[in-house]
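Work through the exercises below with the sequence and the model at hand. Each task is followed by a solution in steps.

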Amino acid sequence: MITKTDFPIYFKEYGPPNQSPENWTRKQFEHFLTFNLSKINESSSVIVVTAANAPVQRILRDVFDISEAWRQDWNYTTDKTSKTLGGNASSLAVDDESFDALLLHNSWEHFEGDSDLDFLKEAARVLKTGGKVIITPLFFGLEGFVSTSPECWPYKYRAASEPPQFREEVPLIVNNSINQRYSQRHSVKLLLRHFNDVARLSPKIMRHFQCPRFWSISPLLSSS
Ligand SMILES: C[S@@+](CC[C@H](N)C(=O)[O-])C[C@H]1O[C@@H](n2cnc3c(N)ncnc32)[C@H](O)[C@@H]1O
């Protein structure tokens, strides 16, 4: 457990009162998971994909001495001197087979239209052999659906003001109270189709039994 004095920026972003104590515990758990499952070390090259305000890149660099720690979000402007990438995560401006790990927290379910699958294809391109993309949490069920709040489409993200793209086959639920452009629970069928479409990745799905609210799962996709 990180305390207020261990890493003040981390606490300010995710600790109380900014976030609920429950969220604070959940965030630490997510970051602990992705760090451990990816097995990264000082010599690894890592992208924290869809990093938003999260100081994870700085923690990897300053606490874990990972000099090749990058961050990405479509709300960023690309600046390679600060290891920052903008644009859609489904099109990363980096070389083929150049990274050991891509870490995603609370975001793959927000990838609109085909960009969830396109991101997996991009991960397969960008990862070195044996590299890993960790997505946590992963929301899926027998039936899939997308929830959306049209009222927030124009302003939710600086980089996306057009209406989201939807898949015709996925049921849509309009719910303005969640304030999300696009929040998907993948159907098992769609998830398996995505995994089949990206032959270079071998998915592993892991369930966190000790954490009841984390009924969702972390797939660990390794490139082969
Ligand atoms: C719910 S936030 C999660 C932020 C952070 N990872 C965390 O755990 O606090 C989702 C983030 O994903 C970003 N995002 C959504 N779709 C994206 C895409 N296709 N490409 C890049 N960033 C995207 C948004 O800008 C937002 O910062």
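## Exercise 1: a residue in a loop

Task: List which residues Glu112 is in contact with, leaving aside its neighbours within four places in sequence.

Solution. Note before starting that this is a predicted model.
- Step 1. With those neighbours set aside, the contacts of Glu112 are Trp74, Pro164, Gln165, Arg181 and Tyr182.
- Step 2. Glu112 itself sits in the loop that runs between β4 (99–105) and α4 (115–126).
- Step 3. Is Glu112 buried or exposed? Buried means under 20% relative accessible area. Glu112 has 12% relative accessibility, so it counts as buried.

## Exercise 2: the chain as a whole

Task: Describe the make-up of the chain and decide how compact it is.

Solution.
- Step 1. Count the elements: the chain holds 5 helices and 12 strands.
- Step 2. Compare the radius of gyration with the globule rule. The chain has a radius of gyration of 17 Å, and the rule gives 17 Å for 224 residues, so the chain is as compact as a globular protein of that length.
- Step 3. Take the box along the principal axes: the C-alpha atoms fill roughly 45 × 45 × 40 Å.
- Step 4. Look at cover. Of the 224 residues, 49% are buried. The accessible surface is about 11,400 Å², and carbon and sulfur atoms account for 53% of it.
- Step 5. Look at contacts between residues at least 6 apart in sequence: 67% of them join residues at least 24 apart.
- Step 6. Count charges. There are 25 positive and 26 negative side chains, and 4 Å separates the centres of the two sets.

## Exercise 3: two helices

Task: Compare the reach of α2 with its expected value, do likewise for α4, and list the buried residues of each.

Solution.
- Step 1. Helix α2 covers residues 21–38, which is 18 residues. From first C-alpha to last, α2 reaches 26 Å, close to the 26 Å expected at 1.5 Å a residue.
- Step 2. The buried residues of α2 are Trp24, Lys27, Gln28, Glu30, His31, Leu33, Thr34, Leu37 and Ser38.
- Step 3. Recall the general rule for such lists: an α-helix has 3.6 residues a turn, so residues three or four places apart point the same way.
- Step 4. Take one member of the list. Gln28 lies in helix α2 and is buried, with a relative accessible area of 13%. Tyr10 is 18 residues from Gln28 along the chain, and their C-alpha atoms are 9.5 Å apart.
- Step 5. Turn to α4, with 12 residues. Its reach from first C-alpha to last is 16 Å, close to the 16 Å expected at 1.5 Å a residue.
- Step 6. α4 is mostly covered, with 9 of its 12 residues buried. These are Ser115, Asp116, Leu117, Phe119, Leu120, Glu122, Ala123, Ala124 and Val126.

## Exercise 4: an exposed lysine

Task: Place Lys189 and state how far its C-alpha atom is from that of His105.

Solution.
- Step 1. Lys189 belongs to helix α5 (residues 188–197).
- Step 2. Exposed means over 50% relative accessible area. At 70%, Lys189 is exposed.
- Step 3. Lys189 and His105 are 84 residues apart along the chain, and their C-alpha atoms are separated by 23 Å.

## Exercise 5: backbone angles

Task: Find cis peptide bonds and positive phi values, and place each in the chain.

Solution.
- Step 1. Start from the general case: most residues other than glycine have a negative phi, and most peptide bonds are trans.
- Step 2. The bond from Pro16 to Pro17 is cis, with omega near 5°. Pro17 is in the loop between α1 (8–14) and α2.
- Step 3. Thr136 and Pro137 are also joined by a cis peptide bond, with omega about -10°. Pro137 is in the loop between β5 (127–136) and β6 (140–141).
- Step 4. Lys39, just after α2, has a positive phi of about 55°.
- Step 5. Thr50, not a glycine, has a positive phi of about 55°. Its loop lies between β1 (45–49) and α3 (56–62), and Thr50 is buried at 17% relative accessible area.
- Step 6. Asp65 has a positive phi near 60°. Asp65 is in the loop between α3 and β2 (68–72) and is exposed, with a relative accessible area of 51%.

How values were computed:
Residues are numbered from 1 along each chain as its sequence is written. This is a predicted model: local features need pLDDT of at least 70, side-chain atom pairs count only at pLDDT 80 or more; totals for chains, interfaces and linings use all residues. Side-chain values use heavy atoms; hydrogens and water are left out. Helices (H or I, at least four residues) and strands (E, at least two) are DSSP runs, numbered from the N terminus. The radius of gyration is taken over C-alpha atoms; the globule rule is 2.2 Å times the number of residues to the power 0.38. Buried means under 20% relative accessible area, exposed over 50%, partly exposed in between (1.4 Å probe, protein chains only). Contact means heavy atoms within 4.5 Å. Accessible areas come from the Shrake-Rupley method with a 1.4 Å probe; for residues, only the protein chains shown count as cover. Lys and Arg count as positive and Asp and Glu as negative; His and the chain ends are not counted. The place of a charge is taken as NZ of Lys, CZ of Arg, CG of Asp or CD of Glu. The expected span of a helix is 1.5 Å times one less than its number of residues.
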